[in-house]
Amino acid sequence: MPTNKPPFNFHLKEEYLEKMRFIAKEETRSLSNLLEHLCKKHIICYEKEHGEIILEEGE
């Protein structure tokens, strides 16, 4: 299934990657979906503490 989400690459310790794969499997998620879910949760927590992040056009 195609997606309109932009790809994003980053470096991660091998240990963290393997543990994230384990968690994703336990939660019946893809690794990509788990990482997106965790980003969303962190943004929500951040905005509760610091206020809503307002993005300018084009960001």
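How many helices and how many strands are there in the protein chain? In this predicted model, the protein chain holds two helices and zero strands. With a radius of gyration of 14 Å, the chain lies well over the 10 Å that the globule rule gives for 59 residues, so it is more spread out than a compact globule. The C-alpha trace spans about 35 × 30 × 25 Å along its principal axes. Buried residues account for 7% of the 59 residues. The accessible surface of the chain comes to about 6,100 Å², and carbon and sulfur atoms contribute 57% of that area.

A convenient place to start is helix α1, which covers residues 14–26. Its 13 residues should span 18 Å at 1.5 Å a residue, and the end C-alpha atoms are indeed 18 Å apart, so expectation and model agree. Within α1, the residues L17, M20 and A24 are buried. Viewed down the helix axis, the buried residues of α1 fall within an arc of 65 degrees, which means that they line one face of the helix. What covers these buried residues includes helix α2, residues 31–50. And which exposed residues sit on the face of α1 turned away from its buried side? That face carries F22, K25 and E26.

The loop between α1 and α2 brings a backbone detail worth a pause. T28 lies in this loop, just after α1, and takes a positive phi of about 50 degrees. The positive value occurs here in a residue other than glycine. Is T28 buried or exposed? Its relative accessibility is 75%, and because a residue over 50% counts as exposed, T28 belongs to the exposed class.

Helix α2 can be checked in the way used for α1. At 1.5 Å a residue, the 20 residues of α2 should span 28 Å, and the end C-alpha atoms are 28 Å apart, which agrees. Y46 has its place in this helix. With a relative accessible area of 39%, Y46 is partly exposed. Leaving aside residues up to four places away in sequence, Y46 touches G51 and I53. G51 also appears in the backbone geometry: this residue follows α2, and its phi is positive, near 95 degrees.

Aromatic rings complete the picture. How many aromatic pairs does a search of the whole structure find? The search finds one. The partners are F8 and F10, with ring centres 6.0 Å apart and planes at 35 degrees, so the pair is tilted. The assignment follows because planes under 30 degrees apart would count as stacked and those over 60 as edge-to-face. The accessibility of each partner can be added to this description. F8 counts as exposed, at 67% relative accessibility, while F10 is partly exposed, with a relative accessible area of 45%.

Definitions and conventions: Residues numbered from 1 in each chain as written. Predicted model: local features only at pLDDT ≥ 70, side-chain atom pairs only at ≥ 80, totals over all residues. Heavy atoms only, no water. Phe/Tyr/Trp six-rings, centres within 6.5 Å; stacked < 30°, edge-to-face > 60°. Buried < 20%, exposed > 50% of the residue type's maximum accessible area, 1.4 Å probe, protein only. Helix = DSSP H or I, 4+ residues; strand = E, 2+ residues; numbered from the N terminus. Expected span 1.5 Å × (residues − 1). Arc of directions from axis to C-beta. Contact = heavy atoms within 4.5 Å. Rg over C-alpha atoms; globule rule 2.2 N^0.38 Å. Areas by Shrake-Rupley, 256 points an atom, 1.4 Å probe, with all protein chains shown as cover.
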